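Please read the following as a guided walk through one structure, taking the packing of its helices before the site that holds its ligand.

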Amino acid sequence: MPNAQQDQAERRHLVAGNWKMNGTAALLRNMISNLLDESDLPANTDVLLLPPFPYLTLAESLIQDQPLLLGAQNLSAHEQGAHTGEVSAAMLAEVGCEYVLVGHSERRELHGEDDDLVAEKFVVAQRAGLRPILCMGESAKQRKNGLTEVIVKRQLQAVLDRAGVAALGNAVLAYEPLWAIGTGKTASPEQAQEVHAYIRQTIAAVDARIAGQVQILYGGSVKADNAADLFAQTDIDGGLIGGASLQVEQFLGICRAG
Ligand code: PGA
């Protein structure tokens, strides 16, 4: 039987900065040089930057072989062809990405991505050797109506049905309640832990080993002063950071809390 506490101790933490459609090349240079100079990062924590597409090549050339991970915020569900304006998984891999977000709530809400498309992107990302970060989360109204678990389970199940539970062995999950994203209204550590534990239990019902291994990040108004309490929760393995990942001191503070 896998031992839950042992799994928790063995899971590395990941702090990921999702810049969304923000930032400049100058900020990227500044952020990367500060992160690479930082000597206080916990040994068990990896840091991942997710800048907009046009900055990926610059980021890759600044990082080179140093210990900072790179990923993208989105990818096409198509492998190649006549899809003007889209970016393929293979292209992302070629410019040095190791990770890619799928199912971010802004893609779901503002760009009409449904569970099927998100699951397809998850599969396409893995096929190109990328590690997808599957984002899930409920709206304020859904939480008020007691639907948090129903929504998160539906979003997770779509990927389990399409990719199979073993695929989570090469993926990351992120719980991001919509009401906490960009609002300054962070979920309390207890609220977040409750949903993270639910996600892990749901996976454990199918495969306990994978459930014990998969990293589950929390996202939604994480700041330097609330990160440590969130990341200390049993089933929270780091964070997906939006606004605060655009401020060097804030982001460094969050990484130190990793
Ligand atoms: P936020 O965004 O940290 O600005 O709330 C998180 C996210 O959308 O990934």
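In this predicted model, a good place to begin is with helix 6, which spans residues 115-127, and helix 8, which spans residues 148-163; their axes come within 9 Å and cross at roughly 50°. Because an angle counts as roughly parallel only under 35 degrees and as roughly perpendicular only from 65 to 115, that crossing makes helix 6 oblique to helix 8. The sense of the crossing can be given as well, since helix 6 passes helix 8 in a right-handed manner.

Helix 8 has a further packing relation to follow, this one with helix 9, which is formed by residues 189-204: the two axes lie 11 Å apart, and the helices pack at an angle of about 45°. Helix 8 and helix 9 are therefore oblique to each other, and their crossing is right-handed.

Turning to another pair, helix 2 covers residues 25-37 and helix 3 covers residues 56-63, and the axes of these helices come within 10 Å while crossing at roughly 25°. Because angles under 35 degrees count as roughly parallel, this crossing makes helix 2 roughly parallel to helix 3. Helix 2, too, passes its partner, helix 3, in a right-handed crossing.

With the helices in view, the ligand can be considered next. Which of the 13 residues around the ligand come nearest? They are K20, H104, E176, G182 and S221. The character of the surrounding shell is mixed, for its residues divide into 4 nonpolar, 7 polar and 2 charged.

Some of the contacts can be described atom by atom, and they draw on both side chain and backbone. In the case of K20, it is the side chain that takes part, with one of its N or O atoms 2.7 Å from an oxygen atom of the ligand. In the case of G182, a polar backbone atom lies 2.6 Å from a ligand oxygen, and G243 likewise offers a polar backbone atom, here at 2.8 Å from an oxygen atom of the ligand. How much of the 280 Å² that the ligand exposes when taken alone is buried by the protein? The protein buries 97% of that area.

Terms used. Residues are numbered from 1 along each chain as its sequence is written. This is a predicted model: local features need pLDDT of at least 70, side-chain atom pairs count only at pLDDT 80 or more; totals for chains, interfaces and linings use all residues. Side-chain values use heavy atoms; hydrogens and water are left out. A residue is near a molecule or strand if one of its heavy atoms lies within 4 Å of it. A polar contact is a pair of N or O atoms within 3.5 Å; within protein, one must be able to donate a hydrogen and the other to accept it, and residues adjacent in sequence count only if both atoms are side-chain atoms. Accessible areas come from the Shrake-Rupley method with a 1.4 Å probe; for residues, only the protein chains shown count as cover. Ala, Val, Leu, Ile, Met, Phe, Trp, Tyr, Cys and Pro count as nonpolar, Asp, Glu, Lys and Arg as charged, and the others, Gly among them, as polar. Axes are lines fitted to C-alpha atoms, for helices over the stretch in contact, and angles run from 0 to 180 degrees between N-to-C directions. Helices (H or I, at least four residues) and strands (E, at least two) are DSSP runs, numbered from the N terminus. Angles under 35 degrees count as roughly parallel, over 145 as roughly antiparallel, 65 to 115 as roughly perpendicular and the rest as oblique. A crossing is left-handed if the near helix is turned anticlockwise from the far one by less than a right angle, and right-handed if clockwise.
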